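Please study the sequence and the three-dimensional model shown below before attempting the exercises. Each exercise consists of a task and a solution in steps.

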Amino acid sequence: MTDRFRDEHDGRPAEPLVGDGVTPGIVRVGDTVRRPVRPFTATVQAYLAHLHRAGFTAAPVPLGVDGQGREVLTYVPGDVPREPLPAAAAGEDVLVALAQLIRRLHGAADGWVPPADAVWGGIPGTAAVDDVPVEGEPELVGHRDYCPGNVVFREGLPASLIDFDLARPTTRLYEIANALYWWVPLLDPRDRAPAFAGLDAARRVSAFVDAYGATGRQRAELVPLATRMIHRFHRRARAAAASDPVFRRMWEEGVRDRMPRAEAWIAREGPAIAGRITP
Ligand SMILES: Nc1ncnc2c1ncn2[C@@H]1O[C@H](COP(=O)(O)OP(=O)(O)O)[C@@H](O)[C@H]1O
Ligand SMILES: [Mg+2]
């Protein structure tokens, strides 16, 4: 068997899709993607259906479950970057397009009431470290995982979002901080992809919050929230590594060193970033 194999269900060729290696068993079949069904799949599909009804089309269309019991979504054409981020993604135009995309997502998500029996996804083994409140009183259901492997580019710019597995009620500000973490990125320069190491983080944050249209309050609260978020990422990564082999490998391959350095970096550079985005 080669890396292309026959899809047993409908006879069409299926092509394995490997992203960040978190979810095994994802395949493309024609214009669709098949993913394992998880406890939160129906909730995510309801959210995606709402987004499309509300006019936000930069996300997969949910198509239910196939005969093999797999989640079915439309395949989103384009290029998905991986870490380390390519130099071509280092322009401020990328940050601006992503901020505008997330702003449009929020416009569509605003006011959606999740089903009463909604089930939300999470990172394995991390429930115990989620005791510290980080995100604040929820305003809407957001994507919450803007890592490179979850953003589809077309013509060099972010054009669509995929992988809504971590969607749940949150704040607009948490969404902004999450996207900034991955795309500024909010990391010590030695832990960034080469083309990003020398960039001015405060300037990049400023470009993003301008393009999003952040309020004065969001600007004032961003750095404290990002600091709490990075601290929680560190605690979660440690907890997930203790309970899941995929997260253990990521921890050992660098997360263990990167997260404490990110915490030290935001503590050091946070005041300059806050100064740049507040009057
Ligand atoms: N609907 C989709 N359209 C296009 N590509 C997709 C789609 N879903 C997944 N992929 C590809 O498969 C990769 C892994 O899928 P993803 O849903 O992000 O799973 P994981 O939980 O492993 O991150 C993505 O990074 C992307 O390259
Ligand atoms: Mg993903």
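The exercises that follow concern a predicted model.

**Exercise 1. A pair of helices**

Task: Determine how the axes of helix 1 and helix 2 are oriented, and which residues meet where these helices touch.

Solution.
Step 1. Locate the elements: helix 1 covers residues 41-53 and helix 2 covers residues 92-109.
Step 2. Consider the axes, which come within 9 Å and cross at roughly 100 degrees. Helix 1 is therefore roughly perpendicular to helix 2, because angles of 65 to 115 degrees are classed in that way.
Step 3. Identify the contact. Helix 1 contributes Tyr-47, His-50 and Leu-51, which meet Leu-105, Ala-108 and Ala-109 of helix 2.
Step 4. Classify these residues: five are nonpolar, one is polar and none is charged.

**Exercise 2. The magnesium ion**

Task: State which residues coordinate the magnesium ion (ligand 2), and where they lie in the chain.

Solution.
Step 1. Find the donors. The ion is coordinated by Asn-150 through OD1 and by Asp-163 through OD, at 2.1 Å.
Step 2. Place them in the chain. Asn-150 belongs to the loop between strand 7 (140-142) and strand 8 (151-154), while Asp-163 belongs to the loop between strand 9 (157-161) and strand 10 (168-170); the pair therefore ties together parts that are 13 residues apart in sequence.
Step 3. Assess accessibility, with buried meaning under 20% and exposed over 50%. Asn-150 is buried because its relative accessibility is 2%, whereas Asp-163, at 22%, is partly exposed.
Step 4. Inspect the backbone. Asp-163 has a positive phi of about 60 degrees although it is not a glycine.

**Exercise 3. Surroundings of Thr-32**

Task: Decide whether Thr-32 is buried or exposed, and describe its polar contacts.

Solution.
Step 1. Thr-32 lies in strand 4, which spans residues 32-36.
Step 2. With a relative accessibility of 11%, Thr-32 counts as buried.
Step 3. The side chain of Thr-32 reaches the backbone oxygen of Val-29 at 2.7 Å. A further polar contact, of 2.9 Å, links the side chains of Thr-32 and Arg-34.
Step 4. When residues up to four places away in sequence are set aside, Thr-32 touches Val-27, Leu-63, Val-72, Leu-73, Thr-74 and Tyr-75.

**Exercise 4. Surroundings of Leu-161**

Task: Establish the accessibility of Leu-161 and name residues that it touches.

Solution.
Step 1. Leu-161 is located in strand 9.
Step 2. Leu-161 counts as buried because its relative accessibility is 0%.
Step 3. Residues up to four places away in sequence are not counted; the residues touched by Leu-161 then include Leu-98, Leu-101, Leu-105 and Asn-150. Two of these names have appeared before: Leu-105 takes part in the contact with helix 1, and Asn-150 coordinates the magnesium ion.
Step 4. Compare sequence with space. Leu-161 and Thr-57 are 104 residues apart in sequence, yet their C-alpha atoms are 9.5 Å apart.

**Exercise 5. Surroundings of Arg-228**

Task: Determine which residues Arg-228 touches and how accessible Arg-228 is.

Solution.
Step 1. Arg-228 lies in helix 6, residues 216-243.
Step 2. Its relative accessible area is 40%, so Arg-228 is partly exposed.
Step 3. Leaving out residues up to four places away in sequence, Arg-228 touches Pro-133 and Val-134. A polar atom of the Arg-228 side chain lies 3.4 Å from the backbone oxygen of Val-134.
Step 4. Arg-228 and Glu-263 are 35 residues apart in sequence and 9.1 Å apart in space, C-alpha to C-alpha.

**Exercise 6. Backbone geometry**

Task: Locate the cis peptide bonds at Pro-84 and Pro-185, and describe phi of Glu-155.

Solution.
Step 1. Glu-83 and Pro-84 are joined by a cis peptide bond with omega about -5 degrees. Pro-84 is in the loop between strand 6 (70-74) and helix 2.
Step 2. Val-184 and Pro-185 are likewise joined by a cis peptide bond, with omega about -20 degrees. Pro-185 is in the loop between helix 3 (172-183) and helix 4 (194-197).
Step 3. Glu-155, a residue other than glycine, has a positive phi near 50 degrees. Glu-155 is in the loop between strand 8 and strand 9, and it counts as exposed at 85% relative accessibility.

How values were computed:
Residues numbered from 1 in each chain as written. Chains lettered and ligands numbered in written order. Predicted model: local features only at pLDDT ≥ 70, side-chain atom pairs only at ≥ 80, totals over all residues. Heavy atoms only, no water. Axes fitted to C-alpha atoms, helices over the stretch in contact; angles between N-to-C directions. Helix = DSSP H or I, 4+ residues; strand = E, 2+ residues; numbered from the N terminus. Parallel < 35°, antiparallel > 145°, perpendicular 65-115°, else oblique. Contact = heavy atoms within 4.5 Å. Nonpolar A, V, L, I, M, F, W, Y, C, P; charged D, E, K, R; others polar. Donors = N, O, S within 2.8 Å, 3.2 Å for Na, K, Ca; no water. Buried < 20%, exposed > 50% of the residue type's maximum accessible area, 1.4 Å probe, protein only. Polar contact = N/O pair within 3.5 Å; in protein donor to acceptor, adjacent residues only side chain to side chain.
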